[in-house]
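Biologist: Please take a close look at a single part of this structure, namely the packing of its interior. A connected account suited to a first-year student would be welcome.

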Amino acid sequence: MPIRTDTGQRRPLCRERVLLAALTLADRDGLGALTMRRLGQELGVEAMSLYKHVAHKNDVLDGIAELVLSEFELPTEDVDWREGMRRRAVSARAALARHPCWTVLLSRSRPGPAMLRNLDSVIGSLCRGGFSLDLAARAFSLLDSYIYGFAAQEVSLPFNTPGELIELTGSIMEQFRPEDYPHLARLGSDVILRPGYDHSAQFTYGLELILDGLERARNATD
């Protein structure tokens, strides 16, 4: 159905509306479901109407990548490099969790303003924090590998809540004898099934280890 205003008039299309609808569609049904025809149906218009606002499907993919990246908190000059990297990493992970179609970020060859700001602000923050340009580039690569890798792992995990994790762990442990896999048995009973265990805390732990390592690498070059 066409989206209409409170007065019953059809809301006019614009690039922002088209891209937001594309992001919603891709998050809900997957990137494979995103076609110009499906996008037109989502907006209640013929597919040809979309070409007044986007050039082609790749333009749409570039646009939704920009929307996801715009949700990253970028480091600013009023925070030190470590806090800036921490905030960006935490916000990036949250944004990727909100948008299952985030893998589109990895395949774009035409960076837009959001992607360029992301690159520039991270390198700038690291360089202000005493990193050489070469070490800043390495740090950026390491941090993004961790962020995107963790996000990919989370998407593939067969649970979404702590309760589901406990249920899954119990089910797995029922399938083997503790004496056959003693270390796994201890991991399940003493860590995962322990009250208060939070899988998401693993992200923060790993991030702090990386930041510690980067700080040591920076200090070694002083």
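Modeller: Leu-96 is a suitable place to begin. Leaving aside residues up to four places away in sequence, Leu-96 touches Val-68, Phe-72, Trp-102, Leu-105, Ile-147, Tyr-148 and Ala-151. The model is a predicted one, and the contacts described here are computed from it.

Leu-96 belongs to the largest nonpolar core, which has 52 residues. Those that touch the most other members are Leu-34, Leu-39, Leu-50, Ile-64, Phe-72 and Leu-96. At least two residues of this core come from each of helix H1 (15-29), helix H2 (36-43), helix H4 (57-69), H5, H6, H7 and helix H10 (201-220). The greatest contribution is that of H7, with 10 residues. In general, nonpolar side chains in soluble globular proteins tend to be buried together.

Arg-88 deserves attention next. This residue lies in helix H5, and it is buried, since its relative accessible area is 1%, under the 20% limit for that term. Not counting residues up to four places away in sequence, Arg-88 is in contact with Phe-72, Glu-73, Pro-75, Asn-118, Val-122, Phe-140, Asp-144 and Ile-147. Phe-72 and Ile-147 are thus among the residues touched by Arg-88 and also among those touched by Leu-96.

The aromatic rings complete the picture. A search of the whole structure yields six aromatic pairs. In one of them, the ring centres of Trp-81 and Phe-131 are 4.8 Å apart and the planes stand at 75°, so the arrangement is edge-to-face; angles over 60 degrees receive that name. Trp-81 is in helix H5 (residues 81-98), whereas Phe-131 is in the loop between helix H6 (113-128) and helix H7 (133-156), so this pair ties together parts that are 50 residues apart in sequence. Both partners are buried: the relative accessibility is 6% for Trp-81 and 4% for Phe-131.

Another pair, formed by Tyr-146 and Phe-150, is tilted, with 6.0 Å from centre to centre and 55° between the planes. Here both residues lie in helix H7, four residues apart, which is about one turn of the helix. Tyr-146 has a relative accessible area of 19% and counts as buried, because the limit is under 20%. Phe-150 is buried as well, at 7%. Ring pairs also bring in Phe-203, so that Tyr-146, Phe-150 and Phe-203 are linked into a cluster.

Key. Residues are numbered from 1 along each chain as its sequence is written. This is a predicted model: local features need pLDDT of at least 70, side-chain atom pairs count only at pLDDT 80 or more; totals for chains, interfaces and linings use all residues. Side-chain values use heavy atoms; hydrogens and water are left out. Rings of Phe, Tyr and Trp (its six-membered ring) pair if their centres lie within 6.5 Å; planes under 30 degrees apart count as stacked, over 60 as edge-to-face and the rest as tilted. Buried means under 20% relative accessible area, exposed over 50%, partly exposed in between (1.4 Å probe, protein chains only). A nonpolar core is a set of buried Ala, Val, Leu, Ile, Met, Phe, Trp, Tyr and Cys residues joined through side-chain atoms within 4.5 Å. Contact means heavy atoms within 4.5 Å.
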